[in-house]
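Open the model in your viewer and keep the selection tool at hand. Each stop below says what to pick next and what sits there.

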Amino acid sequence: MNCLFREQRLFFRLLDIKLLKHYSTNKPYFVTTPIFYVNAEPHVGHLYTLLVADAMKRFQTMITGKQVLLSTGTDEHGLKVIQRVAESHSLKPIELCDKTSVKFKELCSAFYISNDDFMRTSEQRHKDAVTEFWNKIYRNGFIYKDSYKGWYCSVDEAFVTELNVTEVERDGKIIKVSLESGNPVEWFEEDNYKFALSAFQEKLLKWVLSDPEIVKPNIFYNNLLDELNHGLTDVSVSRPKSRVYWGIDVPGDDTQTIYVWFDALVNYLTFLGYPDNCSIWPPDCQIIGKDILKFHAIYWPAFLMAADMQLPKRIICHSHWLVEDLKMSKSRGNVINPFTVMDKCTSEGLRYYLLRQGVPHSDTSFSEVQLPRYLNAELADNYGNLLSRCLTKTINKQQVYPSTPCVDFFSNGDFKELITSLDSLSDLCKEHYSNANFYLGIEAIMSHLRKSNDFVQKHEPWKLVKCNDKLEKLNAVIYCVCETLRVCSLLLQPIIPVLSNKVLSKLSIPEEERDWKYTKPCFSSESKREPRNLSEEKFIV
């Protein structure tokens, strides 16, 4: 009878839930990263997630002119923290959280991540938000008390269905593992609270089918559809406190702790000041790794529907960084420490490499041999070389960004080809950056810079400068190079913000001329520019 009443109540509540698609155009653009678990220190996989989100924020700031907010932080509750505390024999849970959280804050600072806040789930503001969110869903009839019998993966902090468990041999023993992650699972029988996830299957499917752009790249969109079509079962959203004491108590039941994923996902609301302030909800773009797609594209939207809240506009999912074809993990001992790498190649060097090599739709192998080769070939020998070849005093004696030359030069084959290539660059990068395919944008920029270096090599400004009758052509060559450097530096701002802005300052480009509308080259006599003195600032690319 109770079960029938609960199902009827769920049915009528679902009738009231609408998928809201009309959002205010005036609200800030909102980007999120997942919050990072504190059972281990940061590795380059964590950094890559931060860099994709930061590059997206910088790109959206340039292109929209609106305020763009970026949230990140640390996930500090759950069984893995308890296990780490037990291993340390000395630390208390909050001491471990404090120690590791600082490392992630330092990571953000060292790599110029422009986050607007740093959320910690151990903070009181987050506990208040989680409690309110739980109560809202409970009042709406989607959380109920029940018992759970099944598999649980402590490493993934995930309940695992029988269909997603397999047997493997490790160290001479047969053990059961999660099919998704390969991590060991344990059988649990316990009383806890469950969320009526199955009641949202049709709503979730309708939401996903309403727009193929909701989850990108397409491979992950299709994976999500497959999972939804296989059917959903209700999911536990609490653990007995006797097993998981480090977490947020279930409101009104101090024998239970809220499931760490329910707790963690609410961080996006905590960042805004939920429940008092949700004016910029929902997120415009949530950046996640592929291993947590289920939590963000099934659990999270279902929780939000149950709380009568709007759903994220877009989820961009990226693949993993590997070392010798294995995912980086503390247990494997193959973690790449970004601070160690930074000491060898600078923080902007590592930023460039990860965004240059990271491919969202497939895993990428990290190579400390390949890294300096890319930096030397592309940033130093390509970008830096073009800068030095035409801005040195031996060639550019007046040290100016010349005025727009006579358009007659631009009808010449070499000039015309270079200008056409440069003119298309902004639209190419806009398309790639919009989908977080930053590697494709970088490839396009580097391809044009190589064309520009070939252009310089062919026209030999070091010879033109010695001939008085060739000075007009020299100015045209220098102008083309300056325009290339200006446009490419503008487009590289989301990738290497410090270095690109140093180049822009060298070219005397004012701050107000560094957004997206200035990424088209100027080769028209109608919009002729006056000459600008180059900055005297010296730096090395």
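The tour goes from the whole chain to two sheets, a helix pair and some cysteines.

**Whole chain**

Start with everything shown as a cartoon; this is a predicted model. The protein has 18 helices and 21 strands. Its C-alpha trace spans about 95 × 50 × 40 Å along the principal axes. Colour by accessibility: 56% of the 541 residues count as buried. Now turn to contacts. Of those with a separation of 6 or more, 78% link residues 24 or more positions apart.

**Stop 1: the four-stranded sheet**

Select β6, β5, β9 and β11. These 4 strands form an open sheet, and β6-β5-β9-β11 is their order. The pairing is antiparallel. Which strands lie at the edges? They are β6 (158–160) and β11 (235–236), and each pairs on one side only.

Zoom in on β9, residues 186–195. It pairs with β11 in the antiparallel sense, over 2 bridges. Pick K194 and look across: S236 in β11 stands opposite.

Next, add helix α10, residues 293–306. Which strands does α10 lie across? It crosses β6, β9 and β11, and runs at about 30 degrees to β9.

**Stop 2: the three-stranded sheet**

Select β12, β14 and β13. They make an open sheet of 3 strands in the order β12-β14-β13, again with antiparallel pairing. At the edges stand β12 (238–240) and β13 (249–250). Each has a single partner strand, so one side of each is left without a neighbour in the sheet.

Look at the pairing of β13 with β14 (residues 253–258): antiparallel, over 2 bridges. To see one residue pair, pick D249; its bridge partner in β14 is T257.

Now pick R239, which has its place in strand β12. Is R239 buried or exposed? It counts as buried because its relative accessibility is 3%, against a cut-off of under 20%. Show what surrounds this arginine, leaving aside neighbours within four places in sequence. R239 is in contact with Y152, F159, F188, E190, V244, T255, Q256 and T257. T257 is thus a double marker: it touches R239 and is the bridge partner of D249.

**Stop 3: a helix pair**

Select helix α13 (residues 370–391) and helix α18 (residues 497–506). Their axes are 12 Å apart and meet at an angle of about 10 degrees. That angle makes α13 roughly parallel to α18, since the cut-off is under 35 degrees.

Show side chains at the contact. From α13, pick Y383, L387 and L391. From α18, pick L499, S500, V503 and K506. By class, this contact has 5 nonpolar, 1 polar and 1 charged residues.

**Stop 4: the cysteines**

Finish by selecting cysteine sulfurs. How many disulfides does the structure hold? The count is 0.

Take C153 as one case. Why is it unbonded to its closest cysteine? The closest cysteine sulfur, in C317, is 18 Å from that of C153, which is too far for a bond; a disulfide needs the sulfurs within 2.5 Å. C153 counts as buried, at 0% relative accessibility.

Then move to C522. C522 is in no disulfide either, and the nearest cysteine sulfur, that of C480, is 11 Å away. With 8% relative accessibility, C522 also counts as buried.

How values were computed. Residues numbered from 1 in each chain as written. Predicted model: local features only at pLDDT ≥ 70, side-chain atom pairs only at ≥ 80, totals over all residues. Heavy atoms only, no water. Buried < 20%, exposed > 50% of the residue type's maximum accessible area, 1.4 Å probe, protein only. Axes fitted to C-alpha atoms, helices over the stretch in contact; angles between N-to-C directions. Parallel < 35°, antiparallel > 145°, perpendicular 65-115°, else oblique. Contact = heavy atoms within 4.5 Å. Nonpolar A, V, L, I, M, F, W, Y, C, P; charged D, E, K, R; others polar. Pairing = 2+ DSSP bridges.
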